[in-house]
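Biologist: I am new to this structure. Please take a close look at one part, the pairing of strands, and then work outward from there to the helices.

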Amino acid sequence: MADNLKVEELDQVVVRFSGDSGDGMQLAGNIFSTISATVGNGICTFPDYPADIRAPQGSLTGVSGFQVSIAAEKAFTPGDKCDVLVAMNPAALKTQYKFCKPTSSIIIDVDSFKKADLEKAQFEATDAAGAIAEMGIKQDVIQVPVTSMVKDVLADSGMDPKAMLKCRNMLALGLVCYIFNRDLSIAEKFLRDKFSGKKAAIAENNIKVIHAGYDFGANTHASVSHTYNVVSKQTPAKKGRYMDINGNKATAYGLIAAAEKAGLRLYLGSYPITPATDVLHELSKHKSLGVTTVQCEDEIAGCASALGASFAGALAATSTSGPGICLKSEAMNLAVIMELPLVVIDVQRGGPATGLPTKSEQTDLLQCLFGRNGETPMPVIAATSPADCFDSAYAACKIALEHMTPVVFMSDAYIANGSEAFKLPNLAEYPAINPPYVPESKKGTWTPYERDERDVRYWAVPGREGFAHILGGLEKDNKTGAISTNPENHDLMTRLRQSKIDKIPVPDVVVEGDKDDADLLIVGFGGTYGHLHAAMDEMRAAGKKVALAHFRFINPLPKNTAEVLKKYKKVVVAEQNMGQFAAFLRMKVDGFAPAQFNEVKGQPFVVSELVAAFNKLV
Amino acid sequence: MSEFTAKDYKKGQPRWCPGCGDHFFLASLHKAMAEIGVAPHNIAVISGIGCSSRLPHYMATYGMNTIHGRAAAIATGCKVSNPDLSVWQVSGDGDGLAIGGNHFIHANRRNINLKMILLNNRIYGLTKGQYSPTSPRGFVSKSSPYGTVEDPFRPAELCFGARGHFFARAVATDAEGTVAVLKTAHAHKGAAVCEILQNCVIFNDGTHEAVYTKEGRAKNAIYLKHGEKMVFGENNEFGLVQEGFGVKVVTIGQDGYTMDDVLVHDAHCEDNTLQLKLAMMEYPVALGVIRDVDAPTYDDAVNAQIEEVKAAKKYHNFAELLETNDTWEVK
């Protein structure tokens, strides 16, 4: 029967899975994006976790969402709104409906729309039809008896009813796979890999349920007039092997790769904090690569112990989010004056204080640049996408090790948890990392603050005979390395620490789009790249002349920064804070007076809102 | 015999006040290190901030004079990532127990193989005379002109409470006792807290008066030695006996107490009950190695676990790590 159904070809489609936080929506979403990536689609995902630790089941605050955008080419964002919404319970329907377009299809588990379920989500209606009417939903709502079908399929499995209910997500996934003509064999492989050995039965039961969902769609045409297909249109340059990666994992991989390239032991001192903890989790797994992770007593010790490891000769890193940066700033500053390599990972979340721990902002920028006592220049690199976390983390390590300085690597909750296709990197193609170890020939004459032509001091790792020395938080004499309060010396050392950072080579910022004749230049940094790029694409498609300059290297800024910023009639700096990057650019580029787009909602930018705001400028 | 002399560990001219206990301790540390015989380039001495934290500047070893309170945390990373180094952490009572209290207890709990020197003068000297977390209740200082209204930490109690496996005490002016304590601390594998009773001549002169001179120690201190009777006094006329749940001072030969009743010190006893009693005594003040118990160290365990996992897992470099993921090919 399915053969008679029309298959519509699409360039991009967005699916949002939502349900109670125990309903396995993240897993269903992950499998769906993996299947799509495997067939060569571009993917971009956005897991939207509830902030409550464990909200009451079925309640409005306990809804967990996972949005995935799949595209024929690159998917720059997870999409503002979805084409298909899966709502596993009334609370999900009520809270997630706002992400629907007028044309969206909505799939609900009609079995979980009983009176008691509806009451928990504060509906007055007593059944699904009533709830749909109560919300004024005009779109197609596919009412699927998910729960009862799962129970039927698994009746002979020997599973207890509670365990069966955990497979509801797979029925929804099967149905979505039918609607988008996805190949179930990839889902089967995913589940068999995830649940192997003693857990093999779990995989098989889940696979049965996925097929049931798929067959339900095929047999009933899922109450839709046609199904969709997103064909891969990847260009030859994209050829290669890929994996799905989120930003935190890519960050961890970047550190591992850099340590291997530099021939150093990797040390992470950390303290659990949302949304950065997965960096600690990931690195803790890889002891077979010699990775050392120490879960410290506090954020302070995380950074301080990393600095101790750096002194002792390791590639040392510490991972945290904004509130942790506050606590680490003291030891970060010590790293500045001791001139030791250190990578500080800030996965930004909503602030101030505890703020919005699971949500995303770019509000730590000025803290990372300036949030310390004294003159403390520090390189800052902001990753632009989940996969870019790898390259940016690698670059942060390279700069730290080669320029003997702490470096802040910034990401945010959105790219840390979001995922995209990641081309397997070939480490041989990455630049070498050569720390400035003090040459043996300097034995006997060397002092710790002797510098090379880049103003970088040499690294003498304890254990080397003839190079014993002391570092510390007190200002040192430029020549002897002894404690000094000499005014001229302090002024000189301050300038040397600054010029060392200024001399770090960073690549030029790239202008995309109408780089020669744009009427509007969009400027951003870090994790908003996908949304700003999508906004530019949309405006250009509508005939506007628009360009994008997106910054990864914040300090030092690329050499061509002033030239780029001054080239265009109109410039808008768009960021998820009150204008921190714009302020920094105004400080660094004389006469720069951009328009600003600022939003601090803890949510990713909405492309349509960006386009509307930017259109007012041209 | 070590190939080194105290001179090999010495550097620079200390800038402490004349008569400061830190001078005495530093000389003992140089001497102890020479006797221990680890080459200066294989030693890292790490301090925080305070008068005593200047100490690494006077060592010809690798060293860091870091930030206030963080020495134990910095030393932790240093030792864990480079276990071949002999790592010594030097703090005062403010640096180690006030601002650095959290790191102090956790270094002990984890049992990191650090030699943790606590120079206790019960005052903030560098900031010119405020009460510290070891100052007694009622202590009058610049920041407590009417006397403090808080009780002090007793370092041994804190160490034991954090599951510390080594605690020793020496008086800064007692070179022999200090050197002995430092050598035993070095031989102990794990976190080794050495409380050094040290006098601040400017802001808290006389704080350890009862035991600061040889004569004072003869009267008021007991040198504890593992396996030996707990006797003290100018003529060893006093002894410690157990009474109920406590320890009591008796005169041997009086009130029916004989040498047989006197306790024998057991620094290696895993149960720290009696060791704590000894460490808490105000008279006599217990000196020497009070607790010295073997236990797995964190740095060993971290590195052993890495070796175990290396043997168990099939991926050992970045390229192999990538292969552990699900991948797909775009052709």
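Modeller: Two strands count as paired if DSSP finds at least two bridges between them. The model is a predicted one.

I start with a pairing that joins chain A to chain B. Strand E9 of chain A, residues 240–246, is linked to strand E14 of chain B, residues 328–330, by three bridges. These two strands run antiparallel. One of the residues involved is A:Arg241, whose bridge partner in E14(B) is B:Glu329. In general, the strands of a sheet pair through backbone hydrogen bonds, in a parallel or an antiparallel manner.

That pairing belongs to a wider meeting of the chains. On the side of chain A, 59 residues are in contact with 49 residues of chain B. The element of chain A that gives the most to this side is helix H12, residues 299–311, with nine residues. Sorted by class, the side of chain A that touches chain B has 30 nonpolar, 17 polar and twelve charged residues.

A sheet also draws strands from the two chains. Its nine strands have the order E17(A)-E2(B)-E1(B)-E3(B)-E4(B)-E8(B)-E7(B)-E13(B)-E9(B). The sheet is open, and its pairing is mixed. At the edges stand strand E17 of chain A, residues 470–472, and strand E9 of chain B, residues 221–224; each has a single partner strand, so one side of each is left without a neighbour in the sheet. Ignoring direction, neighbouring strands of this sheet are turned against each other by 20° on average. Within the sheet, strand E7 of chain B (residues 166–171) pairs in the parallel sense with strand E8 of chain B (residues 192–197) over five bridges. Here B:Phe167 has B:Val193 of E8(B) as its bridge partner.

As for chain B itself, it has eleven helices and 14 strands. Its radius of gyration is 22 Å, close to the 20 Å that the globule rule gives for 331 residues, so chain B is as compact as a globular protein of that length. Taken along the principal axes, the box filled by the C-alpha atoms of chain B is roughly 95 × 45 × 45 Å.

Another open sheet lies in chain A. Five strands form it, in the order E18-E20-E19-E22-E23, and the pairing is mixed. Its edge strands are E18 (511–513) and E23 (595–598) of chain A, each of which pairs on one side only. Neighbouring strands are turned by 25° against each other on average, direction ignored. Strand E19 of chain A, residues 520–525, pairs in the parallel sense with strand E20 of chain A, residues 546–551, over six bridges. In this pair, A:Val523 has A:Ala549 of E20(A) as its bridge partner. Helix H18 of chain A, residues 529–541, packs on the sheet and touches E18, E19, E20 and strand E22 (570–575) of chain A. The direction of H18 makes about 170° with that of E20(A).

From strands I turn to helices that pack on helices. Helix H1 of chain A (residues 25–38) and helix H8 of chain A (residues 184–194) pack at an angle of about 125°, with their axes 9 Å apart. That angle makes H1(A) oblique to H8(A). The crossing of H1(A) and H8(A) is right-handed. H1(A) makes the contact with A:Ile31, A:Thr34, A:Ile35 and A:Thr38, and H8(A) with A:Ile186, A:Ala187 and A:Phe190. This contact has five nonpolar, two polar and no charged residues.

In chain A, the axes of helix H5 (residues 146–153) and helix H9 (residues 200–220) come within 10 Å and cross at roughly 125°. H5(A) is thereby oblique to H9(A). A:Met149, A:Val150 and A:Val153 of H5(A) meet A:Lys208, A:Val209, A:Ala212 and A:Phe216 of H9(A). By class, the residues of this contact are six nonpolar, no polar and one charged.

Last come helix H10 (residues 247–262) and helix H11 (residues 277–285) of chain A, whose axes come within 8 Å and cross at roughly 50°. H10(A) and H11(A) are therefore oblique to each other, and H10(A) passes H11(A) in a right-handed crossing. H10(A) contributes A:Asn248, A:Lys249, A:Thr251, A:Ala252 and A:Leu255 to the contact, and H11(A) contributes A:Asp278, A:Val279, A:Glu282 and A:Leu283. Those residues divide into four nonpolar, two polar and three charged.

How values were computed
Residues numbered from 1 in each chain as written. Chains lettered and ligands numbered in written order. Predicted model: local features only at pLDDT ≥ 70, side-chain atom pairs only at ≥ 80, totals over all residues. Axes fitted to C-alpha atoms, helices over the stretch in contact; angles between N-to-C directions. Helix = DSSP H or I, 4+ residues; strand = E, 2+ residues; numbered from the N terminus. Parallel < 35°, antiparallel > 145°, perpendicular 65-115°, else oblique. Contact = placed C-beta atoms within 7 Å. Nonpolar A, V, L, I, M, F, W, Y, C, P; charged D, E, K, R; others polar. Left-handed = near helix turned anticlockwise from the far one by under 90°. Rg over C-alpha atoms; globule rule 2.2 N^0.38 Å.
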